[in-house]
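Please open the model in your viewer and keep the sequence panel visible. The tour begins with the whole chain and then moves to individual selections.

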Amino acid sequence: MNTLKKMIVLSGLLSVLCAIPTMAQITTRVTFDTPFAFYAGNAKMPAGSYTVSQPDIDDNLLLIEDADGSHSVYVEYVVTSSDTPHAQSDVTFNKYGKADFLSLIWIKGHDSGMQILPTKAERNAAKAAAAEKHSLSANNAGEAN
């Protein structure tokens with residue numbers, strides 16, 4: 001009987017641990033338009049229309065790709081959370097001098113977001129100047145502008 005209780009508790013714990021990574025996943029695509037060039041990971045992306053997706057739900061990797069597929073990059077993220085669900089989908093950038101770095105993606109209705117891990121270039125920029133944060137509206141696939 002004692003073994004059965006341990007198995008039930010272990011199964012419950014594994015269920016909870018498996019559910020935690022799903023809290024900040026993109027189940028649909030997120031799109032946004034930017035009038036400025038920015039860095040995503042180690043890639044410099046030109047101004048334009050972008051789609052963010054998560055090709056493998058088991059990995060903390062996002063694919064950021066421009067509308068015509070000529071520029072794309074994978075970036076790593078960690079889950080971040082807020083006290084309340086986000087009212088709208090948006091993307092946040094850290095600006096250091098003239099360089100913008102993709103920093104955070106929030107999805108409408110979720111209280112967790114995806115914090116893009118800073119690259120060495122961004123960490124160096126952060127040592128030289130404080131970040132000016134700014135955001136752009138984004139849309140989930142199928143959502144009206």
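What percentage of the contacts in the protein with a separation of 6 or more comes from residues 24 or more positions apart? The share is 54%, a contact being heavy atoms within 4.5 Å.

This is a predicted model, in which local features need pLDDT of at least 70 and side-chain atom pairs count only at pLDDT 80 or more, while totals for chains, interfaces and linings use all residues. Residues are numbered from 1 along each chain as its sequence is written, and side-chain values use heavy atoms, with hydrogens and water left out.

Colour by secondary structure: two helices and eleven strands appear (DSSP runs, H or I of at least four residues for helices and E of at least two for strands, numbered from the N terminus). Their order along the sequence is α-β-β-β-β-β-β-β-β-β-α-β-β.

Next, select residues 48-53 and 61-66. These strands, β4 and β5, run antiparallel and are joined by four bridges (strands pair if DSSP finds at least two bridges between them). Here Val 52 stands opposite Ile 64 of β5.

Add β6, residues 72-81. Five bridges connect β5 and β6, again in antiparallel fashion, and Leu 61 has Glu 76 of β6 as its bridge partner. Five residues separate the two strands of this hairpin, where Gly 69 adopts a positive phi near 75°.

Finally, select Ser 89, in the loop between β6 and β7 (90-96). Ser 89 counts as buried because its relative accessibility is 1% (buried means under 20% relative accessible area, with a 1.4 Å probe and protein chains only). A polar atom of the Ser 89 side chain lies 2.8 Å from the backbone nitrogen of Lys 108.

Conventions
Buried means under 20% relative accessible area, exposed over 50%, partly exposed in between (1.4 Å probe, protein chains only). A polar contact is a pair of N or O atoms within 3.5 Å; within protein, one must be able to donate a hydrogen and the other to accept it, and residues adjacent in sequence count only if both atoms are side-chain atoms.
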